Amino acid sequence: MSTPHNRAEKGDFAKTVLMPGDPLRAKFIAENFLENPRLVTDVRGMLGYTGTYQGRPISVMGSGMGMPSIGIYSYELYTQYDVENIIRIGSAGSYTDKVKLFDVVLASGAYSESNFARTQSGDTDDIQKPDAALNEAIKASAAAQGIPVVEGPIHSDDVFYHQPSDSKPTYWERVRDEKGCLAVEMESFALFHNAKVLGKRAACLLTISDSFVAPELATAEQRQTSFTAMMKVALGAEAYLEK
């Protein structure tokens, strides 16, 4: 029962899927954290694996960059593969000195100017929310492992390269100050919306890879392999969701 974007068959995915943007990060997680991982899809190079973690079935699959991409993959996972929980695990740029390079952020909501929700279902809300129970499970996993997590709103932006402007405050400063966003990424708004309309669960964990307020920047290799604290928190969350 493959789709145009996924060659997996029904039953190939676990109920919980971790979704990094980078498919090579999915490969890294599968090879370094999962027991007996197997590749279940590689269409368009978007790698997806299923294995077990501490005895529980779990999958990991790349989402690509941006809301249209995660919108397609998450929708198909929810509707075609009986996935119940998707935890996005991605990188983000900090808007504040409250979160620094390599800090882990748990999204309490995703603000966006995107028309994704309006176009998909007529939803005009500019803030989409994660599942509360899944967020609590993630926080429990973090606490059990002694990994600090900062919870707060994030900005899901449609544009990575904004045209330079001399206006003050800057675009991102207005978003930070008016919406309270801690950091910016490009996917969670669409993921949260898909979960809402389909009656599923979604959450988002982010590792700060760069900063708008400090000269900090993670390398491409660090983005791919060094966000292990976030990975461990997400991998351990399902154990607490079941309780």
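A residue is called buried at under 20% relative accessible area, exposed at over 50%, and partly exposed in between, using a 1.4 Å probe and protein chains only. The exercises below concern a predicted model, in which local features need pLDDT of at least 70 and side-chain atom pairs count only at pLDDT 80 or more, while totals for chains, interfaces and linings use all residues. Residues are numbered from 1 along each chain as its sequence is written, and side-chain values use heavy atoms, with hydrogens and water left out.

**Exercise 1. Backbone angles**

Find where Asn-36 and Arg-44 lie, and state whether each is buried or exposed.

Solution.
- Step 1. Asn-36 belongs to strand 2 (residues 35-41); helices (H or I, at least four residues) and strands (E, at least two) are DSSP runs, numbered from the N terminus.
- Step 2. Asn-36 has a relative accessibility of 71%, so this residue counts as exposed. Its phi is near 50°, a positive value in a residue other than glycine.
- Step 3. Arg-44 sits in the loop between strand 2 and strand 3 (48-53). With 68% relative accessibility, Arg-44 is exposed as well, and its phi is positive, about 55°, although it is not a glycine.
- Step 4. For background, most residues other than glycine have a negative phi, and most peptide bonds are trans. The peptide bond from Lys-168 to Pro-169 is cis, with omega near -5°; Pro-169 is in the loop between strand 8 and helix 5.

**Exercise 2. The neighbours of strand 1**

Determine which way the side chains of strand 1 (residues 16-19) point, and identify the bridge partners of Leu-18 in strand 5 and in strand 4.

Solution.
- Step 1. Thr-16 and Leu-18 point one way, Val-17 and Met-19 point the other way, and all are buried.
- Step 2. Strand 1 pairs with strand 5 (residues 85-94) in the parallel sense over four bridges; two strands pair if DSSP finds at least two bridges between them. In strand 5, Leu-18 has Ile-87 as its bridge partner.
- Step 3. Strand 1 also pairs with strand 4 (residues 56-61), in the parallel sense over two bridges. There the bridge partner of Leu-18 is Val-60.

**Exercise 3. The two sides of helix 4**

Describe the length of helix 4 (residues 132-145), then explain why its buried residues lie on the same side.

Solution.
- Step 1. The 14 residues of helix 4 reach 20 Å from first C-alpha to last, close to the 20 Å expected at 1.5 Å a residue. The expected span is 1.5 Å times one less than the number of residues.
- Step 2. Its buried residues are Leu-134, Asn-135, Ala-137, Ile-138, Ser-141 and Ala-142. They cover an arc of only 160° around the axis, which puts them on the same side of helix 4; the arc is that of the directions from the helix axis to the C-beta atoms.
- Step 3. An α-helix has 3.6 residues a turn, so residues three or four places apart point the same way.
- Step 4. On the other side, Ala-132, Ala-143 and Ala-144 are exposed.
- Step 5. The buried residues pack against strand 5, strand 6 (104-111), strand 8 (150-156), strand 10 (201-211) and helix 8 (228-241), where contact means heavy atoms within 4.5 Å.
- Step 6. At the start of helix 4, a side-chain oxygen of Asp-131 comes to within 3.1 Å of the backbone nitrogen of Ala-133. After the helix comes Gly-146, with a positive phi near 70°.

**Exercise 4. Aromatic pairs**

State how many aromatic pairs the whole structure contains, and classify the pairs Phe-28 with Phe-33 and Tyr-95 with Trp-172.

Solution.
- Step 1. Rings of Phe, Tyr and Trp (its six-membered ring) pair if their centres lie within 6.5 Å; planes under 30 degrees apart count as stacked, over 60 as edge-to-face and the rest as tilted. The search finds seven aromatic pairs.
- Step 2. Phe-28 and Phe-33 are 6.5 Å apart centre to centre, with 70° between the planes, and form an edge-to-face pair. Phe-28 is buried at 18% relative accessible area, and Phe-33 is buried at 17%.
- Step 3. The ring centres of Tyr-95 and Trp-172 are 5.5 Å apart and their planes are at 25°, so this pair is stacked.
- Step 4. Tyr-95 lies in the loop between strand 5 and strand 6 and Trp-172 in helix 5 (residues 171-179), so the pair ties together parts 77 residues apart in sequence.
- Step 5. Both Tyr-95 and Trp-172 are buried, and ring pairs link them with Phe-212 into a cluster.

Conventions
A polar contact is a pair of N or O atoms within 3.5 Å; within protein, one must be able to donate a hydrogen and the other to accept it, and residues adjacent in sequence count only if both atoms are side-chain atoms.
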